Amino acid sequence: MKTLRDLDFDILERIFELLLPNGNLHALSLTCQWFRKACKPCLFRCIYIGTRTPLELRRLQHFTIWSFVRHLVFCGTRWAYRNAGYVDLSGIPLQKLLTWMTSLSSITIGGKWSGCVSWDDIRSLLGLPGLRHFDFQAPPYYDDGVPGGIHDLVLLPPLASLRFSIPDYRYHPRNMPGETKLLAHLLQQLPSSLEVLSIPLDVAPLSAMTTFEWPRLRELHLKGDHRQDISTCPPMITVIARMPRLRSLSLLRAHGHAQDSPRRTIWPADETGYSLYQELECVTISYPDPADKIYSHMPSTLRRLSLRCWPRHYIHQHRHDRKTVEDRLGWMSPILHSSELCMILQRCETPKLQELEIEYEEDADDLALLQSIPSLFPNLTSLTIIRYRGTDASNVPVSQIALALSGLRSLRILRIHLDFPGTPHPLSTMMPIKSFGLFEAHEELLQHSARTFAMSLQGSLRFVCCLLRERWTNSWLPFCVIRDSGGLISVKLDEDVTNIGDIRCVVRSLLFQETPYVDAQCMAACSTIRAPLLMTKHLNTNSIPDLNSSTRPFRIMYVGS
């Protein structure tokens with residue numbers, strides 16, 4: 001009789017991937033030594049190392065899991081006073097660790113809070129010949145602002161993805177010469193191998209990027225504040241035109257007080273001789289300009305289009321949010337109106353579009369805009385509308401909006417925010433207990449509007465999600481559409497749904513629980529790993545007698561406390 005041992009390892013690996021969530025693979029690994037050995041490549045594929053305390057080399061060298069590690073994440077301490085998230089690699093035997101991890105191909109540094117990493121550490125990490133993915137979430141540290149040994153690294157491994165990020169709301173300085181110099185040096189060696197590039201606009205060497213050819217680049221993500229040298233910055237189309245295989249473009253540019261033009265164009269009217277390549281599938285643009293030529297040249301292959309504000313416009317609606325984005329960062333929100341957005345969408349000849357996201361403020365052409373969506377994009381399966389009331393508007397015509405969208409016959413997911421008057425302040429739950437009644441009434445209003453959309457739209461609709469801002473979280477309430485045998489339609493809040501696509505939903509049971517040590521950005525950094533990661537709290541290695549023993553309880557390991 002054949003047993004699991006007779007299966008090919010690639011089949012076993014598929015089985016292990018299915019068992020990995022919720023600790024099921026760990027349970028299987030405890031059954032016998034053969035399964036323990038077979039499960040190790042999946043169990044220890046990703047390792048987190050906390051940098052709060054120095055690591056003892058004599059303890060690390062006895063671990064027998066290093067050869068299975070493919071993705072290594074360095075995390076700073078989360079709650080350390082004044083140094084929250086500080087990533088310090090000085091207490092880690094970096095050279096030895098890298099020598100032991102013979103299968104290592106992906107490195108992530110940092111987490112939700114930024115830290116500082118020395119140039120010597122960066123040089124050691126980037127010197128790995130097998131490195132293919134590098135995610136840098138902690139800004140580098142240079143005493144003089146510019147890395148003195150930047151030219152020592154003359155030969156980089158052929159990286160497939162490079163991600164470099166700074167905190168979205170970092171105050172000053174947002175533009176650091178050392179970061180720009182580092183990126184310019186890295187990018188000039190990588191254009192022939194990079195497939196994914198994600199960097200902040202604040203430090204992006206755009207002028208240098210126009211001089212390179214990017215034959216393999218498939219994803220380009222630029223986000224941040226780019227007011228430095230704005231007069232000499234080349235048009236974005238001159239960068240995009242050198243990427244013939246680009247499939248995903250995300251350009252989220254903040255708008256500052258001092259900018260003369262309310263919005264910057266990607267493809268100015270006086271620029272000619274360029275084109276968008278036919279492999280482009282996803283486009284995300286903040287504060288789109290109706291005069292931008294890019295919308296008239298969208299390829300027919302486009303599957304996802306997002307025209308939005310960055311940061312979201314609702315951040316500018318309350319005083320406690322405006323203090324950060326307007327007073328400290330100097331950002332404004334030149335949001336589109338219905339008539340402007342309608343002009344842009346009518347120029348997009350993309351009938352195969354499946355996902356659309358729009359964020360705007362209503363004006364007299366609001367219903368005309370909504371009525372045009374079913375005819376312009378008949379194949380939509382997902383639609384996100386973040387709509388704000390005009391200055392003089394006192395109500396929201398929910399029934400008319402639902403009727404305008406009723407022609408969408410393939411729509412499965414509708415995410416909608418209608419900016420109802422009287423919406424509770426996000427921080428009102430921190431007030432006296434009577435504020436909870438306001439949130440309950442607001443959720444009832446959201447459920448009623450979700451039922452209105454469910455009754456007007458076609459039978460393909462599965463979820464209507466309504467935005468809920470509570471404290472410091474912005475999540476979607478997922479209302480599941482229920483149709484009984486008699487044709488009656490109702491909606492019910494589905495609290496078991498945590499994510500729909502790439503959108504996080506509200507999980508009531510987790511709202512007031514202690515936050516896990518693994519934060520959201522670290523989890524997002526590991527999204528390229530096929531199996532979902534377990535949310536586990538950090539462990540002190542003093543309580544782990546032997547990571548090779550059968551007592552090893554987690555797939556994600558924390559070395560250090």
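**Close-ups of a predicted protein model**

**View 1. Helix α3 and what sits over it.** Let's start with the cover: α1 (9-19) and α2 (24-29) are among the parts that lie over the buried residues of α3. This is a predicted model, so keep that in mind for every view. Helix α3 spans residues 33-43 and is mostly covered, with 8 of its 11 residues buried. Which residues of α3 are buried? They are Phe-35, Arg-36, Ala-38, Cys-39, Lys-40, Pro-41, Cys-42 and Leu-43. Notice that the list includes Arg-36 and Lys-40 along with Phe-35 and Leu-43.

**View 2. Two tryptophan rings, stacked.** The aromatic pairs in this model number 6. In one of them, the ring centres of Trp-66 and Trp-100 are 6.1 Å apart and the planes meet at 25 degrees; planes under 30 degrees apart count as stacked, so this pair is stacked. Where do the two partners sit? Trp-66 is in the loop between α4 (57-60) and β2 (71-75), while Trp-100 belongs to helix α5 (residues 94-100), so the pair ties together parts that are 34 residues apart in sequence. As for cover, Trp-66 is buried, at 4% relative accessibility, whereas Trp-100 is partly exposed at 21%. The cut-off for buried is under 20%, which is why Trp-100 doesn't count as buried.

**View 3. A cluster of phenylalanines.** Here you can find Phe-134, Phe-136 and Phe-164, linked into a cluster by ring pairs. Phe-134 turns up again in View 5, as a member of the largest nonpolar core.

**View 4. Glu-362 and its company.** Look for Glu-362 in the loop between β15 (355-361) and α12 (366-376). Is Glu-362 buried or exposed? Glu-362 has a relative accessible area of 16%, so this residue counts as buried. Its side chain makes a polar contact of 3.0 Å with the side chain of Arg-387. A polar atom of the Glu-362 side chain also lies 3.1 Å from the backbone nitrogen of Gly-390. Leaving aside neighbours within four places in sequence, the residues in contact with Glu-362 are His-337, Ser-338, Arg-387, Tyr-388, Arg-389, Gly-390 and Ala-393.

**View 5. Inside the nonpolar cores.** The largest nonpolar core has 124 residues. Which members touch the most others? That would be Phe-134, Leu-197, Met-209, Leu-305, Leu-356, Leu-405 and Phe-453. Zoom in on Phe-453: beyond its neighbours within four places in sequence, this residue is in contact with Val-398, Ile-401, Ala-402, Leu-405, Leu-414, Ile-416, Leu-418, Leu-461 and Val-464. A second core, separate from that one, has 13 residues, including Cys-309, Tyr-388, Cys-465 and Val-497. You've met Tyr-388 already, as a contact of Glu-362.

**View 6. Cysteines without disulfides.** How many disulfides does a search of the whole structure find? The count is 0. Two cysteines to look up here are Cys-46, buried at 0% relative accessible area, and Cys-233, also buried, at 12%.

**View 7. Stepping back.** Now for the overall picture: the protein has 15 helices and 23 strands. Of its 561 residues, 52% count as buried. Take the contacts between residues at least 6 apart in sequence: 70% of them join residues at least 24 apart. On the outside, the protein exposes about 26100 Å², and carbon and sulfur atoms supply 52% of that area.

Notes
Residues are numbered from 1 along each chain as its sequence is written. This is a predicted model: local features need pLDDT of at least 70, side-chain atom pairs count only at pLDDT 80 or more; totals for chains, interfaces and linings use all residues. Side-chain values use heavy atoms; hydrogens and water are left out. Buried means under 20% relative accessible area, exposed over 50%, partly exposed in between (1.4 Å probe, protein chains only). Helices (H or I, at least four residues) and strands (E, at least two) are DSSP runs, numbered from the N terminus. Contact means heavy atoms within 4.5 Å. Rings of Phe, Tyr and Trp (its six-membered ring) pair if their centres lie within 6.5 Å; planes under 30 degrees apart count as stacked, over 60 as edge-to-face and the rest as tilted. A polar contact is a pair of N or O atoms within 3.5 Å; within protein, one must be able to donate a hydrogen and the other to accept it, and residues adjacent in sequence count only if both atoms are side-chain atoms. A nonpolar core is a set of buried Ala, Val, Leu, Ile, Met, Phe, Trp, Tyr and Cys residues joined through side-chain atoms within 4.5 Å. A disulfide is a pair of cysteine sulfur atoms within 2.5 Å. Accessible areas come from the Shrake-Rupley method with a 1.4 Å probe; for residues, only the protein chains shown count as cover.
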